[in-house]
Structure formats: C-alpha cells, structure tokens
Amino acid sequence: MKYLPILVAMAGIVACNNDHKKPEQQSDADSVLYSDIIRPVTDSIQHFPDQDALYYRRALLLFNTNPGFAQADFEKAASLKPANPDYWAGAGEAALLENHYDKAERYFSKALANAPTYTYLQYKLATAMLENKHTAQADSLANVLAGTAEGRAKAFYLKARMAEDRRDTTAAVEHLKTAIAAAGPHAEYEAVMELADLLRARKTPEAVRYYTEAWHQDSLNAAPLYDAGQVQEELGDTNAAMNTYRKCIVADPGFAPAYMALGNIHSSRSQWKEAYNFYNLAAKAAPTDAQAYYQRARCQEQLGNKKEAIDDYAKAASFRKDFKEAKEAMQRLSR
C-alpha cells in the first residue's frame, strides 16, 4: 500500500471516548472529538470501534491542529491493522511534531518494514534518527538513500544538516549544492534559502544565484530577492542591488524593505529628494514603521522642510517609544 504524504497537511485527534457527555462536562479532548467536523467520524467509531479506517480518517482530519490526539488515533489504527504502512507512518509524523523522537523512530521503522523500498519512509526514519541523536544510524540510512535516484536529494539534505550540527559549514554547503542539483526544479525552498544564507555568511557572490533561485520558486515572495540585493550591496555592487530592489517592488509593491533599501542608497549619496520618495513609499507600505518616518524626516530636514520634518520625527517617536534619535531631532528642530 502506498504511503500518503498528505499526512503533513492534514489534522488529527485522540482515540474514541465512547461515553457521551453534556457540553459543560466535556474535557478538552471531548470538545475536539465532538466538534462539528469531527463528530460524524467519532459517532461512526462508537458504532464500529474495530474499523481501523475510521481512526485513520479522524487522525488525518485534525493532524495539523492536534498532533498529539492524531498520534493516538494513528496508533489505534495501526494496532488494528499492523501491516498497513500508512498508519505507522502517520503515527511517526505526529510523534515528530510532538517531539516524541523515540516513538517516531519506532513507528517509521514499522512503516518501512511493510514498505521497504519506499524512499520517503527511509528519509523520515533518518530524520527521526537525527532528532533522536542517532547520528551514525541516520548517516548510514542517508548513504542508502544517496544511491537511489528518487532519494538522492533528500539524502544530501540530511547530510547537510548533519554537517551543520557539527559546524562544518564547508561540508554543509557542498551537500546542499548536491541536494539542490539532484532535486532540480523540485528543490526544497528552505534548502535553497539555507544554502544562500550560508554562502552569504561567507561573503560569496554565489549567494545571489541561490536567493534568485528561491525567488523563482515563489515569485510572489519578494524576500529572497531582497536578500540577493543585500548581498550585492555587501559586495559593493550598488547598481546591481538597486536593480534587484526594483524587481522586489515589481514582485510585491507592498514590500517596504525594498523601498527602505533604495532610500538608504540615495540617502548615502545625499540625493535627498530621491531618498524622500522611497522613504515615503516605505511609510505608505508599512504605516507603523518608525524607521521609515525617521528617515523621511531626515530627508525633509535636508530639503528645508522643517515643519514636516518635526511631524515625521514625532511619528517615528510615537511608533517606537525608545527612539532616542527621533526625540532628540524633534527637540532640536523645535527650539
């Protein structure tokens, strides 16, 4: 039977309580069991307490919101039909969320015993082993995964994590590159961002490539592009950074950090009118951002607009009570 990855997006709950109670007498567990969505399944379980599929269905329904309860239902389903790897895998997923790493490792082992060639289960078992500090066993299983076409990317994600745990950044970078290359267009967003962050920390221009790749995975999310622009600034390529920040704004017109970054560049060049325009857009995109008002006030001051500068310094101080610089500037201009 094929394991269902849908587990990670579903919801779960505890095993059945066969005693009906009045609402005011219900425990927290009962209030979940008898919620509008779950009640029909709970009622069915009361009538058919030996139906494994009913426990599995209930666990899936509330997995995201009640993983502890879901774990109990997955366990019950597995006890009724031990040969079904879906049930053990579900229990393992829930146990991971609940930080029950011993149980997660045991349940994924049982799932894998019933589906020995399923690489996703091998990956989850290795993950549980890592969480359980069984690093040598996890590495051994990662080596097995690395020899399969479908498991190679996940194997090197695991190896990268192990390298980071032992603070071997060089190995982590190489493992992440291998994993991302193996996954191709299906590389995990978090892994691409992690690699970009590691490369940025090492002041490596290649970080821009991976931030951009992460943005291509989620083109409505301007954050990776912004990080790419930050790297370009850190490396002294200000013009490239400005172009990247403009792309951020196209991707997300409400992304205030990109406006702030462009304002800061113009401000550093004493281009106060241009800087004001971007700080003004930042304040509109993030109307409670004290820094946006403070920087806009600086521009107003430099442009000779004393009253407007005082007003903006006051706004900055109102949104950040400990904003010493804004308060001092406001007092200085008010004399």
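Here are three short exercises on this structure, each with a worked solution.

The model is predicted, with local features needing pLDDT of at least 70, side-chain atom pairs counting only at pLDDT 80 or more, and totals for chains, interfaces and linings using all residues. Residues are numbered from 1 along each chain as its sequence is written, and side-chain values use heavy atoms, leaving out hydrogens and water.

**Exercise 1.** Work out whether glutamine 300 is buried or exposed.

Start with the cut-offs: buried means under 20% relative accessible area, exposed over 50%, and partly exposed in between (1.4 Å probe, protein chains only). Glutamine 300 has a relative accessible area of 8%, so it's buried. Now find its place: glutamine 300 sits in helix H17, residues 290-302 (helices are DSSP runs of H or I, at least four residues, numbered from the N terminus).

**Exercise 2.** Do the same for alanine 207, then find what it touches.

Alanine 207 has 0% relative accessibility, so it counts as buried too. Its helix is H12, residues 206-217. Skip residues up to four places away in sequence, and alanine 207 touches Ala196, Leu199, Arg200 and Val231 (contact means heavy atoms within 4.5 Å).

**Exercise 3.** Say which helix gives the most to the lining of the largest pocket.

First, list the helices that each supply at least two lining residues: H7 (119-131), H9 (152-165) and H11 (189-201). Next, pick the top one: H9, with four residues. A pocket here is an open set of points on a 1 Å grid over the protein atoms alone, where a 1.4 Å probe fits, with protein on both sides within 12 Å along at least five of seven lines; lining residues have an atom within 4 Å of a point.
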